[in-house]
Amino acid sequence: MVNNSVLKCGNSTMARGRALATPSLPALRQAVNAKRMAHAGRVQTTMGATGKFVVGGNWKCNGTIDSVKQLVSALNAGSITADVEVICAPPMVHVGLVCGTLESPFQVAVQNCWDGPGGAFTGEVSAEMIADAGIPWVIIGHSERRTLCGETSELVAKKVKYAIDHGLNVMACIGETLAEREAGRTMEVCYSQLAPIAAALTENDWSHVVIAYEPVWAIGTGKVATPAQAQDVHAGVRGWLNNNVSPAVASATRIQYGGSVNAGNCEELASQPDIDGFLVGGASLNGPDFITICNAARMSVVA
């Protein structure tokens, strides 16, 4: 598995779980912690892996060399004061540039990987290649790949397992369409997407997984699930893990929310008891806004 202390990517060295200065917020911590403890049906969480709120920035198919350099410069100049794990996922063509210039505490991810060893698979990249480059994270199962590239939940599960077995940590995406939500099938869809992943993984594998709940109808639309809607799904996902994997995995697995997260709504979302991070799309292309979103982690308190 990936070395959990120091990870190298290009010319940069990134410490996983790096201790960051956190401002003294005793009153805020007490209030949010009380909210967590009072939440009905909440499976007690210790957060997963590093025990930190985790924010991913998915740059998708955006950017030029010049714009990426500007974004990296803005991120390096920003001040992350919350105790948060931060991962940026540039387009594959820009990964080398980002690895060589993006500074700690930022980590780097790729946006997809193949489901097996390398070989005659034009346009693909294997987990072995990603790990060999010192890149610790990969996004798998994003709704855009499910809908535009025809990736099934079974293929997503195969990719997740192969990536973990070959040294990567995974942000595994799930989420429903607007039609599925309006039909009252949100949880059914999310559970059906989780089930093949759970069937593929061992209990120990889950320490390398972050679940990203992204309602498809809120991705890039400007629409966002209300904090209550997002919390309900996150609590449901945690309950499913409790019942179908184990209470320990349910407690430890971090669940991100994604879907038009921005600098204006991030703090209220982060204060929800089962939201353990964000997977950010468009707003991750704006350095100052992304820093603000990362610092919303101070609203989340490990119970």
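**Stop 1: helix H12**

Select helix H12, residues 287-295. Its buried residues pack against strand E3 (53-58), helix H2 (65-77), strand E4 (84-89), strand E5 (106-110), helix H11 (266-270) and strand E10 (277-280). The buried residues of H12 are Gly 287, Phe 290, Ile 291, Ile 293, Cys 294 and Asn 295. Buried means under 20% relative accessible area, exposed over 50%, and partly exposed in between (1.4 Å probe, protein chains only). Helices (H or I, at least four residues) and strands (E, at least two) are DSSP runs, numbered from the N terminus. An α-helix has 3.6 residues a turn, so residues three or four places apart point the same way.

Now go to the start of H12. A side-chain oxygen of Asn 286 comes to within 3.0 Å of the backbone nitrogen of Asp 289.

Keep in mind what is on screen: a predicted model, where local features need pLDDT of at least 70, side-chain atom pairs count only at pLDDT 80 or more, and totals for chains, interfaces and linings use all residues. Residues are numbered from 1 along each chain as its sequence is written, and side-chain values use heavy atoms, with hydrogens and water left out.

**Stop 2: the whole chain**

Zoom out. The protein chain has 12 helices and 10 strands. Of its 303 residues, 53% count as buried. Take the contacts (heavy atoms within 4.5 Å) between residues at least 6 apart in sequence: 75% join residues at least 24 apart. The chain exposes about 12100 Å², and carbon and sulfur atoms supply 54% of that area. Accessible areas come from the Shrake-Rupley method with a 1.4 Å probe; for residues, only the protein chains shown count as cover.

**Stop 3: Gln 256**

Select Gln 256 in strand E9. Is Gln 256 buried or exposed? It is buried, with a relative accessible area of 0%. Its side chain reaches the backbone oxygen of Val 54 at 3.3 Å. Beyond its neighbours within four places in sequence, Gln 256 contacts residues including Gly 56, Met 171, Tyr 213, His 234 and Phe 278. Add Asp 276: it is 20 residues from Gln 256 in sequence, yet the two are 5.5 Å apart in space, C-alpha to C-alpha.

**Stop 4: backbone oddities**

Most residues other than glycine have a negative phi, and most peptide bonds are trans. Select Ser 104 and Pro 105. A cis peptide bond joins them, with omega about 15 degrees. Pro 105 sits in the loop between helix H3 (95-101) and E5.

Next, Ser 260. Its phi is positive, near 60 degrees. Ser 260 lies in the loop between strand E9 (254-257) and H11. Ser 260 is buried, with a relative accessible area of 18%.

Then Lys 60, in the loop between E3 and H2. Lys 60 is not a glycine, but its phi is positive, about 55 degrees. Stay on this residue for the next stop.

**Stop 5: the largest pocket**

Rolling a probe the size of a water molecule over the atoms shows where empty space is left. On a 1 Å grid over the protein atoms alone, a cavity is a set of points where a 1.4 Å probe fits but cannot get out; a pocket is an open set with protein on both sides within 12 Å along at least five of seven lines; lining residues have an atom within 4 Å of a point.

The largest pocket has a volume of about 430 Å³. Grid points are joined across faces, edges and corners, and a volume is the space filled by probe spheres set on the points. Which residues lie nearest the centre of the largest pocket? Select Lys 60, Cys 61, Gln 111, Asn 112 and Arg 145, from a lining of 17. Helix H5 (residues 143-148) gives the largest share of the lining, three residues.

**Stop 6: the second largest cavity and His 142**

The whole structure holds two cavities of 30 Å³ or more. The second largest encloses about 40 Å³. Its lining is Gly 141, His 142, Ser 143, Arg 146, Cys 173, Ile 174, Gly 175 and Glu 214. H5 and strand E7 (169-174) each supply at least two of these lining residues.

Finish on His 142, in the loop between strand E6 (137-140) and H5. His 142 is buried, with a relative accessible area of 4%. Its side chain makes a polar contact with the side chain of Glu 214 (3.0 Å). A polar contact is a pair of N or O atoms within 3.5 Å; within protein, one must be able to donate a hydrogen and the other to accept it, and residues adjacent in sequence count only if both atoms are side-chain atoms. Leaving aside neighbours within four places in sequence, His 142 also contacts residues including Asn 58, Lys 60 and Ile 219.
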